[in-house]
Amino acid sequence: MTRVHGAEAEAALNAGAESLFRRRRPDGGVHFTSSDSATLATAGAAVALHLHSPTPSREHTDLARKWLLRTQNPDGGWGAVPGQPTEAVPTAIAAAALSLLGGKREEPAIARGRLALFERGGLESIADPAVGALCRRFHVMAGWVPADSAVRLPLWIVLLPSLRRKRISFRTAPFIGLALAQAHRDRGGPLRRLVTAISTPVAIGLLRDIHRHEGGTGEFAADPWAAGLLCIGLTQARVAPDLSRGIADYLRSTMNPDGSWPAVHIGLTYAAFAMTGLTDAGFAEDERVGPTAELLRRARQPEPFTAFACPAGGWSYSGPRGWPVTLESAEILSALGALPGADRDEHVTGGSAWLSARQDTRGSWSLWVRDTKLANDGPCPYITAQAIDALRETGAPGAEARIDRALRWLSTQQRPNGSFDALWYRGDTPGTSVVLGAFARAGRAEHPVASRARDWLLRTQLADGAWSTGHGDDGTVEETAWALRALLDAGVSPNEPAVQSAVGWLLAAQDPAGDWPEAPVSAYVRHCVHYPNGAITMGLALRALAAYNRASTAVAS
């Protein structure tokens with residue numbers, strides 16, 4: 001096998017870094033177009049506007065309808081974003097949206113969409129029951145299934161804040177909207193009407209608290225799909241017209257010129273992954289990193305987010321008034337912690353304290369709500385490993401004890417084959433890689449858990465040197481970079497054939513402009529909807545090649 005020389009990897013690092021710097025905006029943001037247009041966001045936002053204000057929104061809904069028609073896949077279905085493989089959830093929602101927006105004139109496209117869904121097992125094939133029930137609601141609106149087939153949502157859960165946070169979590173806003181609509185449509189007997197009367201003002205009050213936290217923008221998690229669902233519910237329930245009007249205004253103002261909406265506004269996610277890639281690649285002292293670092297510092301949350309009982313001090317994926325999450329907070333801490341003077345940066349010390357306090361009582365970390373009981377929120381091996389790295393890198397007070405608890409929890413989560421789960425990425429490679437890396441960087445590379453994870457990665461490498469999901473799919477830059485960095489940090493020699501072939505594969509995958517191809521490894525809805533994220537692609541590739549260069553230098557010396 002031809003040995004991949006460090007000079008080639010160094011050149012690839014420089015080319016990748018320059019590509020990221022070219023994407024930098026004046027405010028420090030780093031933008032990728034990966035998810036600027038998304039099927040669920042476009043279908044949900046368009047239906048919301050159609051129901052809420054059909055006449056003022058006619059131009060928007062007509063453009064959205066045409067966009068859905070243009071982006072339908074040849075097999076009749078839709079992917080999360082244009083050009084991606086068909087998935088059941090986007091197909092179920094887009095077909096229903098076309099029925100609501102276009103009616104009979106779109107029957108051929110609708111029929112092809114429904115056939116594509118049928119060929120994938122129909123609504124019953126959707127892995128997430130709550131999301132399957134949501135798709136069924138759209139089909140009820142389209143008149144395809146009876147109204148009584150929809151699952152009843154317990155609006156009364158808003159009366160129990162702790163239970164609501166742990167069971168509903170980040171789905172709180174659309175859940176309330178749809179539950180209010182259901183209660184309005186099916187009032188039930190005297191007891192149900194009494195419970196609805198008591199629950200409704202509490203539910204609307206919770207929505208108003210979120211609205212105030214976000215600055216009254218109407219964005220509701222900076223997610224047009226979720227905001228659209230809430231708007232649909234409020235409109236059908238005929239309550240809180242000021243909130244539904246605010247959401248409708250937000251949706252009209254954020255529509256793309258082509259008639260689509262973005263999946264989620266994730267500017268901080270882009271900036272964070274770009275920064276960790278750049279700092280690992282040796283650009284921590286480059287003055288061009290400064291504006292992005294300042295953007296991240298400015299975006300630290302100044303106020304608590306009461307909907308999740310979350311204190312101030314963390315980060316969102318969108319901005320300083322967004323919904324705080326541990327994944328982006330940990331990535332941002334790792335980025336800022338790698339910069340000169342990090343030990344004197346109040347955002348690093350304060351952010352580390354915030355992240356420490358978000359650890360679950362079981363030792364893990366979840367994404368949104370501490371000690372959540374919602375499977376799509378946590379606990380998550382990937383996020384837990386990421387938090388371990390962030391606390392270790394920033395020297396947070398008491399980090400050692402928290403890291404020990406987290407490692408013990410991770411030891412209980414390994415599958416028999418050695419792999420780990422990751423809630424917000426597809427397949428088994430991301431979770432396994434990040435957990436192995438966390439063990440290794442915490443000085444536990446020889447721990448039996450780490451050994452089994454390392455063996456799983458080596459067993460699942462593809463013949464061409466890449467990694468994929470671990471289940472026979474084609475290799476991707478993201479999964480290859482995750483695995484490569486973990487193996488190197490766990491002590492696998494840079495001269496090993498597995499490493500050499502992986503580095504060679506990554507170098508061959510880079511284009512002349514310094515970019516790497518994106519793959520839909522990020523989960524918008526776990527097991528159901530996946531989309532590409534260019535910042536993750538670039539950041540991971542840079543970190544993997546930087547780890548290779550460090551390991552090669554150490555071997556040479």
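## Cavities inside a predicted model

The lining of the largest cavity is a mix of nine nonpolar, six polar and six charged residues. Keep in mind as you look around that this is a predicted model.

Let's stay with this cavity for a moment. Its volume is about 240 Å³, and 21 residues line it. Which of them lie nearest its centre? They are Asp 389, Val 434, Arg 441, Arg 485 and Arg 543. Six elements are worth finding in the structure here: α12 (267-280), α14 (326-337), α16 (381-394), α18 (429-441), α20 (477-489) and α22 (534-556) each give two or more residues to the lining of the largest cavity.

How many cavities of 30 Å³ or more does the structure hold? There are three. The table sets out two of them.

| Cavity | Volume | Lining by class |
|---|---|---|
| Largest | about 240 Å³ | nine nonpolar, six polar, six charged |
| Second largest | about 60 Å³ | nine nonpolar, one polar, no charged |

Now turn to the second largest cavity. Along the sequence, its lining begins with Ala 38, Thr 39, Leu 40 and Ala 41, then takes in Ala 80 and Val 81, Ala 263, and finally Tyr 524, Val 529 and Tyr 531. Two elements, α2 (39-52) and β2 (529-531), each supply at least two residues of this lining. Which element gives the largest share? That is α2, with three residues. No charged residue takes part in the lining of the second largest cavity, whereas the lining of the largest cavity includes six.

Methods. Residues are numbered from 1 along each chain as its sequence is written. This is a predicted model: local features need pLDDT of at least 70, side-chain atom pairs count only at pLDDT 80 or more; totals for chains, interfaces and linings use all residues. Side-chain values use heavy atoms; hydrogens and water are left out. On a 1 Å grid over the protein atoms alone, a cavity is a set of points where a 1.4 Å probe fits but cannot get out, and a pocket is an open set with protein on both sides within 12 Å along at least five of seven lines; lining residues have an atom within 4 Å of a point. Grid points are joined across faces, edges and corners, and a volume is the space filled by probe spheres set on the points. Helices (H or I, at least four residues) and strands (E, at least two) are DSSP runs, numbered from the N terminus. Ala, Val, Leu, Ile, Met, Phe, Trp, Tyr, Cys and Pro count as nonpolar, Asp, Glu, Lys and Arg as charged, and the others, Gly among them, as polar.
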